[in-house]
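Open the model in your viewer and set it to a cartoon view. This tour tells you what to select at each stop.

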Amino acid sequence: MKFARLTLSLIAASVLAACSSAPSTDGQGAAVEDRSGAASSGVDSSRIPTVNADGSGGAGIAALKDPKNILSKRSVMFDFDSYVIKDEYRPLIEAHARFLVANPKMKMLIQGNADERGSREYNLALGQKRSDAVKKALGLLGASESQLESVSLGEEKPSCSEATEACWGANRRGDMLYSGEF
Amino acid sequence: MKLRLPPLLRRAVPAGLLALASAVAHAQLAIEITGAGANRMPVAVAAFDGENTLPRAVTDVVRADLERSGLFKMIELGPTPMGADAPVDYPRIRSRGADAIAVGTVSPNGGGRYQVQVRLHDTPKQASLGSQAMVMSPNQYRATGHRIADFIYEKLTGEPGVFSTRIAYVLKLGSRYELQIADADGSNAQTALASREPIISPAWSPDGSRLAYVSFEAKKPVVYVHNLATGQRNVAANFKGSNSAPAWAPDGRRLAVVLTKDGQSQLYSVNADGSGVQRLASSSGIDTEPAWSADGMIYFTSDRGGSPQIYRVPAGGGDAQRVTFEGGYNVSPRPSPDGRSLVYVSRNGGRFQVTLLDLASRQTQTLTDSSKDESPSFAPNGRMVLYATEIGGRGVLAAVSSDGRVKQRLSVQSGDVREPAWGPQPRN
């Protein structure tokens, strides 16, 4: 088991390094070891998802809505013309990957978005690159292909609708939705 | 999967639906002419003999159509009717400045229907250019007017008119989306699909009976094919990932679509019923926005070379060839009906503008002076290009002639209009 965990941890570290422009060395990648949840000791209990045999309901789902739990955060923001997951989203991606591994029946829809400039269909394709980046990171951290679907909403569902740099930035994002939320 | 949707609103609105009718009128597209051709031919359309027995005048529709084309200057002759077979006082018409005059007769044809006969005269040559007769019920006065305008347009320009065609577009009203169909002059708007989720990329089947489009009602982009007369629709592409950018093959049986089921956005073709998916092209980048040309090519947008540019590939397979080279952002290609030119959106500085490329000479022309143009499509005669743009922060439709001179704008009192697609010639 220990070997398996170490391997996953190494994969996770290399994935996130590959996905980020400036690889971080702050050791947060170690959080991936918590993926087996309750069996470990000495970890922050607020981060331990409850495993449900039937894959739905229970405290694990509650964690997804608990504003104090990182799992309640679902958005990954991207830079202009970029499809790279930034360092600051590593803990978020790791937490969701752990949750998916612990809840193998849980499915996730990842919706990529783009800012409004230019062609709607080309922006749809750019949004897809963002959702694919999130999907790839989650997959390499252990979530299974059958749990994940990456799609794009293009420029059609902006979270902010002004023609400003700040607004465009807010619309370059990937959102993670779980079973029952889409 | 088959869904039953409400059929298109009937033309005759029952009295109980008047409130709905006024709501529809509020969302009516209003057309405005913002530029005209340099040399407009002076033409007169006389009041038709017997026309005053109809509830609405057919010739008002004819004059508005011809005026809006930007190619004709309408000469007013006053209310005196002139019958289709009455002798024409050529010197008098000539002295009023008209190079051509249309005259006509409206007569009862039994069963509440009318026969409308129209004749067109060349006044300098003092000769008839031909006549046409049609039968209509009184509530078909607009359709009859469009057909007469098409007859006059074709006789005088040698090209088919497009006054009897329809356009599709998406109206966004607050958080609601409606896929609407209207006559080419913006009148008679009817809603084919209403949704809380976005609708994009409507594409007309070659026979004008169906629309393919992308709807986000399933929280992801799915391609549907929608029969306009029955409201029946089916899923044409709902694979894992995104499904978008439908384009009809000229035979009306297959669609090019963009799927992400195997990775990045790539081109595939499917039957209109969703069966028989096949790969059309492969690249390591994004391939999207396919459009079939009359000469068997598929034009599309790809960023395989680093920036989005337009490419084409033979529909039957083969190597992709790059088509645009100027600038760093050229998207949304649509070939002209004769296959000789291409319209697309080009980024010039920070402005997105409709651009025309002559495929033989490689000459390009920017057709608009706006800055947020999207989704160009040719009229079926190739004379005008319909596109979406933004004016005062609102989405409007606009049309520009392929020489850049004639300009029209279509907008609604409230709401955003976007994603236009000009329909084919109606089949008789």
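In which sense do E19(B) and strand E20 of chain B pair, and over how many bridges? Select residues 297–302 of chain B to show E20, and add E19(B). The two pair in the antiparallel sense, over four bridges. Keep in mind that this is a predicted model.

Now pick out one bridge. Click B:Asp287, then look in E20(B) for its bridge partner, B:Ser302.

Widen the selection to the whole sheet. It is an open sheet of four strands in chain B, in the order E19-E20-E21-E22, with antiparallel pairing. Strand E19 (287–292) and strand E22 (321–322) of chain B stand at the edges; each has a single partner strand, so one side of each has no neighbour in the sheet. Strands of a sheet pair through backbone hydrogen bonds.

Next, cross to chain A. Select residues 120–140, which form helix H4 of chain A. This helix lies across E19 and E20 of chain B, at about 150° to E19(B).

Show the full contact between the chains. Chain B gives 25 residues and chain A gives 17 residues. On the chain B side, the elements that give two or more residues are E11 (199–204), E15 (243–248), E19 and E23 (330–335). That side has 11 nonpolar, nine polar and five charged residues.

Last stop: chain A alone. Count five helices and four strands. From the N terminus on, they run α-α-β-α-β-α-β-α-β. Colour by burial: 43% of the 182 residues of chain A count as buried.

Note on methods. Residues numbered from 1 in each chain as written. Chains lettered and ligands numbered in written order. Predicted model: local features only at pLDDT ≥ 70, side-chain atom pairs only at ≥ 80, totals over all residues. Pairing = 2+ DSSP bridges. Contact = placed C-beta atoms within 7 Å. Axes fitted to C-alpha atoms, helices over the stretch in contact; angles between N-to-C directions. Nonpolar A, V, L, I, M, F, W, Y, C, P; charged D, E, K, R; others polar. Buried ≥ 20, exposed ≤ 12 C-beta atoms within 10 Å, placed from the backbone.
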